[in-house]
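The following exercises are to be solved with the structure at hand. Each task is followed by a solution that proceeds step by step.

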Amino acid sequence: MDSSSSKLADAVHSVEEVKIHPSENNKLPMKQIASAAKGEGNSVRGRKRKNGVRGRRSQRVESKKVTSHPNTTKTKQKNPISIQEHKEKAVTGISKIDAPSVDAAPNVTKTEQQIPISKQHSTPLLIFTCSRPHYLKRTLEAIYLYHPMNHDQKQTLNPTNNVANPIIISQDGNKAEVKAVIDEFSIMFASMNVQVIHWEHQNSSAGGRRRRPADTYRLLSLHYQWALTKSFDLPTTERVIILEEDLEISIDFFSYFDSLISIYDADPNIYTVSAYNDNGQSTHVGNASRVLRSDFFPGLGWMMNKRLWQEFEPKWPDAYWDDWMRNPGMRNPENRLDRITIRPEISRTFHFGEEGGASVNQFGASQSAIHLNTEPIKWDTINVSSILQAQRYHVSYLTQITSAKLYPRGSFMSSSIPSFTILQKETRDGGDIRVEYDSKAIYNGKNYDFEDIARALGLSDNEKAGVYRTAYHGVVELRPNGSRLG
């Protein structure tokens, strides 16, 4: 690290590794709320514990300006052709895809189509589905409209054809209504020369009995392991983009992932690439072209490469696979190994499932408020590899934090005026601010100081394995004003 970086690290009591905030073409003034511990130095969330005790350096909650209201943006992209018109065009002159059937047996798929060897198949899209055909239909409609092979999408974003071909739909069980939706969209995708591969995983839904939540999580984990193994066994698969049947994608979902393939493959410290921001309400976000590094793995639309799957396949958990990926414990210490996930400021997926599902809509209220991007960002014009380069990102990000105005926690937590309103006023005229929380304020394993501040500002107070949702080195950020920055 050069001398300037060393001075910066000293200024925050030697945080061990640095990160950057969007660089040259993605630079923006942030309204920040950072949180730091009172007392001894700055601690980094997710780092190894020493003698079983978490390090006692400061944690920050940071905040920035915001842009639009829920599910609106300054630039809306209208679809020139409706989904019904697309269906009619697709069916014309196309017969149903002839797929050889396989005798039903546990863990045997219905369709095993021959996949031609091509670079185009290095990043298939893998969709998990089970018993909600109306949800799967909504998910596939958005994928069809925004697929890189769709002519309208080519005119808008000029994407490459390197992702989401083939589309693999892995069905847990054999519910006829789900199969009917898959057959319908297989015809439509065939009209764009996109192959749909339909797999059936039989074990998970055997018996049809009412299951306990623990059973559901166990069966879901088995399905994930089975489908991921089959996906990476395909001869050209280098990475997989993963969706579930209740996720709607944004207009630039595929170009977003495509732009991040190079840095993901080149940097072993990148754990996954995600499309989701857990604190992505319209009042908390603002820059549609901004990408960040995070210590938290959110799931809900993400990309895994072969390098990570080769590491995880032999020890994949029996249940709760997502928490297992976040947790450095749970029988397999150090799964994450301090690796980071790349995420967007504005989510590229929207979780709309309110019924069914393994989590029984546990975070439904917060997820329904997440803003789905509708701006057609041309990711091929943004140098994301430079923006996200580890040391450059860290240094730039810490510079913004240390130069932000410290706003006393008590000044708004004890006020009769809502905390978010106070921050809106404080940041309206420009400049970043930070609010510090005490990282030692732990009771029953939870940091009550952080939780109080997070709830007051409408942020998630949930943490997994000592990492708050969206946090990077303990910093959680939002934009308390409605202007678009950048």
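**Exercise 1. Charges over aromatic rings**

Task: Determine over the face of which residue Arg307 lies, and which residue lies over the face of Trp199.

Solution. Step 1: Arg307 is placed over the face of Tyr264, at 5.9 Å from the ring centre. The model is a predicted one, and the distances are computed from it. Step 2: The cut-off for such an arrangement is 6 Å between CZ of Arg, or NZ of Lys, and the ring centre. Step 3: For Trp199, the residue over the ring face is Lys230, at 4.8 Å from the ring centre.

**Exercise 2. The environment of strand E2**

Task: State how many of the residues of strand E2 (residues 123-129) are buried, and which residues belong to each face.

Solution. Step 1: The cut-off for a buried residue is a relative accessible area under 20%. Step 2: Seven of the seven residues of E2 are buried, so the strand is largely enclosed by the rest of the structure. Step 3: Thr123, Leu125, Ile127 and Thr129 make up one side, while Pro124, Leu126 and Phe128 make up the other; both faces are covered.

**Exercise 3. Strand pairing and the order of the sheet**

Task: Identify the strands that pair with E2, then give the order of the sheet.

Solution. Step 1: Strands of a sheet pair through backbone hydrogen bonds, in either the parallel or the antiparallel sense. Step 2: E2 runs parallel to strand E3 (residues 163-172), and six bridges join the two. The bridge partner of Phe128 is Ser170 in E3. Step 3: E2 also pairs in the parallel sense with strand E5 (residues 239-244), over four bridges; there, Leu125 stands opposite Ile241. Step 4: The open sheet comprises eight strands in the order E4-E3-E2-E5-E9-E7-E10-E8, with mixed pairing. Step 5: Strand E4 (196-201) and strand E8 (291-294) occupy the edges; each has a single partner strand, so one side of each is left without a neighbour in the sheet. Step 6: On average, neighbouring strands of this sheet are turned by 25° against each other, direction ignored.

**Exercise 4. Helices packed on the sheet**

Task: State which strands helix H3 (residues 133-146) touches, and which strands helix H7 (residues 253-266) touches.

Solution. Step 1: H3 packs on the sheet through E2, E3 and E5, and its direction makes about 160° with that of E2. Step 2: H7 also packs on the sheet, touching E2, E3, E5, strand E7 (270-274), E8, strand E9 (302-305) and strand E10 (340-344). The direction of H7 makes about 170° with that of E7.

**Exercise 5. Backbone geometry**

Task: Locate the cis peptide bond between Asn165 and Pro166, and decide whether Asn193 and Thr470 are buried or exposed.

Solution. Step 1: The bond between Asn165 and Pro166 is cis, with omega about 15°; Pro166 is found in strand E3. Step 2: Asn193 has a positive phi near 60° although it is not glycine. Asn193 lies in the loop between helix H5 (176-190) and E4, and with a relative accessible area of 62% it is exposed. Step 3: Thr470, likewise not glycine, has phi near 75° and is found in the segment after strand E17 (467-468). At 6% relative accessibility, Thr470 counts as buried.

**Exercise 6. Aromatic pairs**

Task: Describe the geometry of the pair Phe297 and Trp302, and state where Tyr437 and Phe450 lie.

Solution. Step 1: A pair of aromatic rings is described by the distance of the centres and the angle of the planes. Step 2: The structure holds 27 aromatic pairs. In one of them, Phe297 and Trp302 are 4.9 Å apart, centre to centre, with 80° between the planes, which is edge-to-face. Phe297 and Trp302 are buried. Step 3: Tyr437 and Phe450 are also edge-to-face, at 5.0 Å centre to centre and 65° between the planes. Tyr437 belongs to strand E13 (residues 433-437) and Phe450 to helix H15 (residues 448-456), so the pair ties together parts that are 13 residues apart in sequence. Both Tyr437 and Phe450 are buried. Step 4: One aromatic cluster includes Phe128, Tyr271, Phe297 and Trp302, among others.

Key
Residues numbered from 1 in each chain as written. Predicted model: local features only at pLDDT ≥ 70, side-chain atom pairs only at ≥ 80, totals over all residues. Heavy atoms only, no water. Buried < 20%, exposed > 50% of the residue type's maximum accessible area, 1.4 Å probe, protein only. Pairing = 2+ DSSP bridges. Axes fitted to C-alpha atoms, helices over the stretch in contact; angles between N-to-C directions. Contact = heavy atoms within 4.5 Å. Phe/Tyr/Trp six-rings, centres within 6.5 Å; stacked < 30°, edge-to-face > 60°. Lys NZ or Arg CZ within 6 Å of the ring centre and 35° of its normal.
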